[in-house]
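Me: I'm new to this structure and would like a close look at one part of it. Could you walk me through the sheet with the open edges and then show me what lies around it?

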Amino acid sequence: MGDRRSSACTVVARLVLALGLAGAVAPALAEDGKAAAGGDRGPAERGKGGFSYGGEITGRMNLLAPPKLGEIGPPPMPSPPPGFGGPDIGSRGLPEHDVLKGLKLPHLTPAPRPGAQPTPVTPTLEDAPTPAIAAPIVKQPLHLAATFGDKGAKVPNGVKWRVFTDQPDMNGEHLLVAESSDAAPRFDLDPGGYVVHAVYGLVSTARYVSVAPDHPTDTTMSLPAGAIRLAAFVGDARVPPDRVGFTLTRNDAGVTRTVAENVRPGALLRVPAGQYHVVSAYGDANAIVEVDLDVAAGKLVEAQVHHKAARMTLRLVRAAGGAEVKNTSWTVLTPGGDVIRESIGQLPPIVLSEGDYTAIARHDGKMFQQNFSVRAGFDATVELTLN
């Protein structure tokens, strides 16, 4: 009797292994050996040819179907011994669905073994955390303004604004972000640090500015600057702008530095507040006037320079009023012998300060000399004759 029960358990275990359920059913076979062999069932129940293991499967199971070409199926199942109370699949040739009908299976979830690690769960797209979406960068306005000094009036115009990145690039240069020539410009910038550079004529200043991420930023920069406008006269007549120029210098810690040169009359020159020495040159000889000016922040200084000079024309002729002799060299001297001007060839009109002079002409190895005077405001022509 023990052998028959053992054989019945073996047949059932092989059948369950073919279904891939041996891991879950094997413990139940050991407990239900008597029930599987039919020892505790009546003859009528054993004659049904079925087994009961806690669940029922009906219909066709593809796992028991013959393997297809190229597939590896489960190992062949041996037939139970003849005369066993269960169905003989091999000898009776019962269809597979008749064999499975009424087959009972235990619960399919195996109990965890002592010390076994839980089976890792592969995360799905639904389980993946939703990536945080970065908040968009909102540009904030930067309002700029400039004043004449710390407590001076606002600069109405003439400021050139430039905004650079506060961090240099790989070449050590700060990149230009924005620029404007408005008196009080507005720039919409990403929050962060910048360098603001303001230029007003010859005055410039720079400052680090931080643009806030949640509100506008207002910055007022101090420009200690003033302005100068110069004009030149001879008597009551204004000197033509193309004949006079100005040079400005200032004392910087005991060193004289040139601030601007060749400034034309009427030009507005924006300069740092302070004291300046102005030199006005009428022509390119000795008609020079010098003056000192004090420029205050936010103030415009308009200065007029009055020259005592005249524009003189020197000619070498064969007779009074005649044609000018070519290939003549000239020298103009003061009464003390100082050379005012020299030329090789024709001498263009020359502006000389008021006073007395000597003109020397050289032609064909001969020298001709004549004294003349200059009166302020009276342009004249001086002729030297060969006879």
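Reply: Here is a walk through that sheet, followed by its surroundings.

First, some ground rules. This is a predicted model, so local features need pLDDT of at least 70 and side-chain atom pairs count only at pLDDT 80 or more, while totals for chains, interfaces and linings use all residues. Residues are numbered from 1 along each chain as its sequence is written, and side-chain values use heavy atoms, with hydrogens and water left out.

For orientation, the protein has 387 residues, and 33% of them count as buried. Buried is under 20% relative accessible area, exposed is over 50%, and partly exposed is in between (1.4 Å probe, protein chains only). The secondary structure comes to 6 helices and 24 strands; helices (H or I, at least four residues) and strands (E, at least two) are DSSP runs, numbered from the N terminus.

Now the sheet. It is an open one of 4 strands in the order S5-S4-S7-S8, with antiparallel pairing. Two strands pair if DSSP finds at least two bridges between them. In general, strands of a sheet pair through backbone hydrogen bonds, either parallel or antiparallel. The edges here are S5 and S8 (203-211), each of which pairs on one side only. On average, neighbouring strands of this sheet are turned by 20 degrees against each other, direction ignored. For that angle, axes are lines fitted to C-alpha atoms (for helices over the stretch in contact), and angles run from 0 to 180 degrees between N-to-C directions.

Look at S4 (residues 159-165) next. With S7 (residues 192-200) it pairs in the antiparallel sense over 7 bridges, and with S5 (residues 176-180) it does so over 4 bridges. Arg162 is a handy place to see both pairings: opposite it in S7 stands His197, and its bridge partner in S5 is Glu179. At Val163, the residue standing opposite in S7 is Val196.

Val163 also leads to a nonpolar core of 21 residues, which includes Tyr200, Val211 and Met221 too. Such a core is a set of buried Ala, Val, Leu, Ile, Met, Phe, Trp, Tyr and Cys residues joined through side-chain atoms within 4.5 Å. Met221 is also one of the residues in contact with Thr147, as are Gly152, Val155, Thr220 and Leu223, leaving aside neighbours of Thr147 within four places in sequence. Contact means heavy atoms within 4.5 Å. Thr147 sits in strand S3 (residues 140-147), and it counts as buried because its relative accessibility is 10%.

Apart from that core lies the largest one, with 23 residues; among those with the most contacts inside it are Ile228, Leu230, Phe246 and Leu293. Strands that each supply at least two residues of this core include S10 (225-234), S12 (244-252) and S16 (287-295), and the largest share, 4 residues, comes from S10. Leu230 touches Phe246, Leu248, Val278 and Leu293, among others, not counting residues up to four places away in sequence.

Leu293 turns up once more as a contact of Gln275, along with Thr249, Arg250 and Asp294, again leaving aside neighbours within four places in sequence. Gln275 lies in strand S15 and counts as exposed because its relative accessibility is 60%. The C-alpha atoms of Gln275 and Asp294 are separated by 4.4 Å, with the two residues 19 apart along the chain.
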